[in-house]
Amino acid sequence: MSISVVAFLTNFGILGLTIVGLHILFLVLRVVLRRLPTDLPLVALNISRDPILLLVCFVGLNFLLTQFGTSLEFNGQPLAIDLIKNLLKALCFLIGTYWIAQLLTQVVLYALKQYAERSEAMWDDVLIPILQNILPFFTYFIGGLLALQQLGFDLSGLLVTIGGAAFILGFALQDILANFFSGLVLLIDTPFSFGDVVALSDGSRAVIKKIGLRVTTMYLIDSHSEINIPNATFQGENIINLSRPTSHYYYTISIPIKGDVDPARAISLMEKVVLAHPDTMGELEVKLEAIDSYYGHSGGGVKQKLKREVGRMRLLAEQDVTRMLLKIEMGLKQLSEIISGAEQGGLDVEEIRAIQKQFLEICLAIGLEKKAERQDKRKRSRLVESESDPSNNTLIGLVRIWYQCWLKDPDLFKEDLVALPREWEQRINLLILKINKLYQMINNPVGMETRLDDLVESFQVWMSESFKSSRNQWQDPKIWVNEVGGDLSRDTTVRFYVDSIKLEHCERGNRIKSEVRQDLVWHLRQSYLM
């Protein structure tokens, strides 16, 4: 027994030194991790310190108790070693369960939530809140069962009971489960995203607010109310998404003109009036030429003057963005052609360096520069926002200037002043994320040499469709003149796009439509065409 006691005390001392060493290690790691740009490793360290120390302590005590066999006397009274060891094991399971649950909620799910804010997909915006509620419950449930099992409880009967109850609940709640799985299908297919404006089968317009486990919640624009549709029903309906592929929405106006009027003259005037409105889509140069002569004269007043000044400022800023987009699109096109020509016989070192150099020039125009960092004893680099161009003469800088000018629009609501910057900052973050992926492929094209041009073209398509296009001719206003009617007048159909259907509580398009109609009537009458 004396030998066992000596061994016990020796091992106990080693255990104590191990705990002290771990405590010192945590202090050192805390100082090191504070220097990292993200706080996730530091949070993980703070969460892990106490559970790891307790686990080492209890596991060590469990190991020490094995030296005394199955029983031990203390003051002449026998002690049940196995019972104490089982208690220690149960405590280890409980501590481990708490540790895992904290890591999941405060580190893993928090990191996923940050990723969801930068992601285009909608499923992660819904799935992560669900996981925040479900994962801790299942973690504690499984950990509790394992702890009870260590204490000698027979869980077979409990598991059978849980299985039977799950079967009965599944049969009784089949409608709810159908809505649940329909909601999952909607999230996986992602036909909508939060904030999208849709047209329902009855013709009403609504904004997608939330896709829940059982119902989809939408805001009805016309009636200023909410509607909850079961997911299974919503999945089977024909829904028109008015916000995709862009938030620009097509509006139509019918305007009568005199039957003896030259149609070409009427069309020319009406095109200028539509393009003069700051909130309609069209060629920026023509809009800037027309805004002073054709916008706001029917109403007059201080607001129209302010709107004209702010509109001109916004159009000029957008013009700068468009020029930079054209430069970047040309650079990407040339880069794709160079890669396509060079990849025929495989890329050598010199060709890869030339491709990397031209790609970095495009990145500088976007507003990104290379930043070196060390990972796993290897030096790597990534693209970050450039701080060396105070003039903001980059795509990212110009886009920020543009949407800041947009925020001065007197027609915007308070929520628009928050939603508009958030939308464009999310696009900028997605741009940085996607171009970094392309940058890593160009830096290390092993196995992908023949597909680099496809990757560059895919990135260019994404920029045009999901970030901002330099020019879309299909967005120019269209005007059709019909035949002369019985009352010796012609009906003209005017169609135009507005810049965003989502703004002004989704009523922006109706306001613009009314103002364009008013300006058209005023100018046509002034020119004796109506």
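Me: How much area does the chain expose, and what share of it do carbon and sulfur atoms supply?
Reply: The chain exposes about 29,400 Å², of which carbon and sulfur atoms supply 59%; accessible areas come from the Shrake-Rupley method with a 1.4 Å probe, and for residues only the protein chains shown count as cover. This is a predicted model, in which local features need pLDDT of at least 70 and side-chain atom pairs count only at pLDDT 80 or more, while totals for chains, interfaces and linings use all residues. Residues are numbered from 1 along each chain as its sequence is written, and side-chain values use heavy atoms, with hydrogens and water left out.

Me: What percentage of the residues in the chain is buried, and how many helices and strands are there?
Reply: Of the 530 residues in the chain, 39% are buried (buried means under 20% relative accessible area, exposed over 50%, and partly exposed in between, with a 1.4 Å probe and protein chains only). The secondary structure comes to 16 helices and twelve strands (DSSP runs numbered from the N terminus, with H or I and at least four residues for helices, E and at least two for strands). Among the contacts in the chain with a separation of 6 or more, 67% join residues that are 24 or more positions apart (contact means heavy atoms within 4.5 Å).

Me: Which residues make the nonpolar surface patch?
Reply: A patch is built from residues with over 30% relative accessible area and no salt bridge, where like charges are joined within 9 Å and nonpolar side chains (Val, Leu, Ile, Met, Phe, Trp, Tyr) within 5 Å. In this structure F93, I134, F137, F138, F141, I142 and L146 make a nonpolar surface patch of about 620 Å². Helix 4, residues 123-150, gives the most to this patch, with six residues. F141 is found in helix 4, and F141 counts as partly exposed because its relative accessibility is 35%.

Me: In what order do the five strands of the open sheet stand?
Reply: Strands of a sheet pair through backbone hydrogen bonds, either parallel or antiparallel. Here the five strands form an open sheet in the order 6-5-4-3-7, with antiparallel pairing (two strands pair if DSSP finds at least two bridges between them). Strand 6 (225-230) and strand 7 (240-241) stand at the edges with a single partner strand each, so one side of each is left without a neighbour in the sheet. Strand 3, residues 197-199, pairs with strand 7 in the antiparallel sense over two bridges, and A199 stands opposite I240 in strand 7.

Me: How many salt bridges does a search of the whole structure find?
Reply: Side chains of opposite charge can pair when their charged atoms come close. The search finds 24 salt bridges (a side-chain nitrogen of Lys or Arg within 4 Å of a carboxyl oxygen of Asp or Glu). In one of them D279 meets R511, with the closest N and O atoms 2.9 Å apart. This pair links distant parts of the chain, 232 residues apart, since D279 sits in the loop between helix 8 (263-276) and helix 9 (284-294) and R511 in helix 16. D279 is buried, with a relative accessible area of 0%, and R511 is also buried, at 14%.

Me: Where in the chain do K303 and D411 lie?
Reply: K303 and D411 meet in a salt bridge of 2.7 Å, N to O. This pair also links distant parts of the chain, with K303 in helix 10 (residues 302-342) and D411 in the loop between helix 12 (395-406) and helix 13 (414-443), 108 residues apart. K303 counts as partly exposed at 43% relative accessibility, whereas D411 counts as buried at 5%. A network of salt bridges links D279, K303, K307, R314, D409, D411, D499, E504, R508, R511 and E515.

Me: Which side chain of opposite charge is nearest to D519?
Reply: D519, which lies in helix 16 (residues 508-526), is buried yet has no salt bridge, and the nearest side chain of opposite charge is R308, 7.9 Å away (Lys and Arg count as positive and Asp and Glu as negative, while His and the chain ends are not counted). Leaving aside neighbours within four places in sequence, D519 is in contact with V273, Y294, Y295, G296, H297 and S298.

Me: What is phi of H505?
Reply: Most residues other than glycine have a negative phi. Phi of H505 is positive, near 60 degrees, although H505 is a residue other than glycine. H505 has its place in helix 15 (residues 503-506) and is partly exposed, with a relative accessible area of 35%.
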